[in-house]
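Visitor: Could you walk me through the strands of this one? I have the sequence and the model open.

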Amino acid sequence: QRAFVLYGVNTAIKLAITFLCETGNLFNAVSKAHFPVLYAFENSELSPNHVFIADNDDIYVSDGYVNSRVVQFSSDGELIQIFGGVKGTGPGEFQAVHGVALDSQGNILINDSENFRVNVFNANGQFVESWPIPSRGGIEVRDNNMTYISDVNEGTVSILINGNLLETAYAPRAHGLAVDTDGSIYTSGASRMTVYKLTRKD
């Protein structure tokens, strides 16, 4: 049987965790004795809302509701570095981090939702630039660095390449986000208990 790992966050109990699964069934959950469990600064100040797994299995936790930062861990749960952590509107600062992804060059793209932008850092943690775009939702990077960013307040999914806006799709209260290999966009409508599928018309 093949085992695989699922990663997720739980804002209510303030944890970023890994689940070891076996053939689709939850094998065990939140048990350090059986498999690695990532406790991202387990304390009352943690409020994770998103997690991203890089190709090298590094884990990026968006800890945005309280600390306005992204925390990078190794696959073993060792702290590597922190992006942000300072609240503000200046370059590289955040008001409310709400999603994280990596592009093909290894740049870290972080939704800075209350500043209505995406902050871009290089792999060494240095701030590169900001993209002015509504970003209180998810972020996905696909082929050719095509980047999809949802915003729950605007009800939009913005589609960009290297920070340049190509087009905007619309879905009510667009929050959670995923993009299929054929370019279909799936977004969860916050407070509507609905998942929308968006496809491009030829």
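**Strands and hairpins**

Guide: Bearing in mind that this is a predicted model, a good place to begin is an open sheet of four strands, ordered β12-β13-β14-β15, in which the pairing is antiparallel.

Visitor: Which strands stand at the edges of that sheet, and why is one side of each left without a neighbour?

Guide: The edges are β12 (139-141) and β15 (164-170), and because each has a single partner strand, one side of each has no neighbour in the sheet. Averaged over the sheet, and with direction ignored, neighbouring strands are turned by 20° against each other.

Visitor: How many bridges pair β12 with β13?

Guide: Three bridges link β12 to β13, which covers residues 146-151, and the two strands pair in the antiparallel sense. Within that pairing, Glu 140 has Tyr 148 in β13 as its bridge partner.

Visitor: Changing topic, what about β9: is it buried or exposed?

Guide: Strand β9, residues 108-112, is mostly covered, with five of its five residues buried, where buried means under 20% relative accessible area.

Visitor: Which residues lie on which side of it?

Guide: On one side of β9 are Ile 108, Ile 110 and Asp 112, and on the other are Leu 109 and Asn 111; all of these are buried, so that both faces of the strand are covered. That division fits a general pattern, since side chains in a regular strand alternate between the two faces of the sheet.

Visitor: And what does β9 pair with on the β8 side?

Guide: Strand β8, residues 97-102, pairs with β9 in the antiparallel sense over four bridges, and Ala 101 stands opposite Leu 109 of β9. The two strands form a hairpin with five residues between them, and in its turn Gly 106 has a positive phi of about 85°.

Visitor: How many bridges join β9 to β10, then?

Guide: Five bridges join β9 to β10, which spans residues 117-121 and runs antiparallel to β9. Here Ile 110 stands opposite Asn 119 in β10. These strands also form a hairpin, with four residues between them, and the turn residue with a positive phi, of about 55°, is Phe 116.

Visitor: One last hairpin: which residue takes a positive phi between β6 and β7?

Guide: In that hairpin, where five residues lie between the strands, Gly 77 takes a positive phi near 90°. Strands β6 (residues 69-73) and β7 (residues 79-84) run antiparallel and are joined by five bridges, with Gln 81 in β7 as the bridge partner of Gln 72.

How values were computed:
Residues numbered from 1 in each chain as written. Predicted model: local features only at pLDDT ≥ 70, side-chain atom pairs only at ≥ 80, totals over all residues. Heavy atoms only, no water. Pairing = 2+ DSSP bridges. Axes fitted to C-alpha atoms, helices over the stretch in contact; angles between N-to-C directions. Buried < 20%, exposed > 50% of the residue type's maximum accessible area, 1.4 Å probe, protein only.
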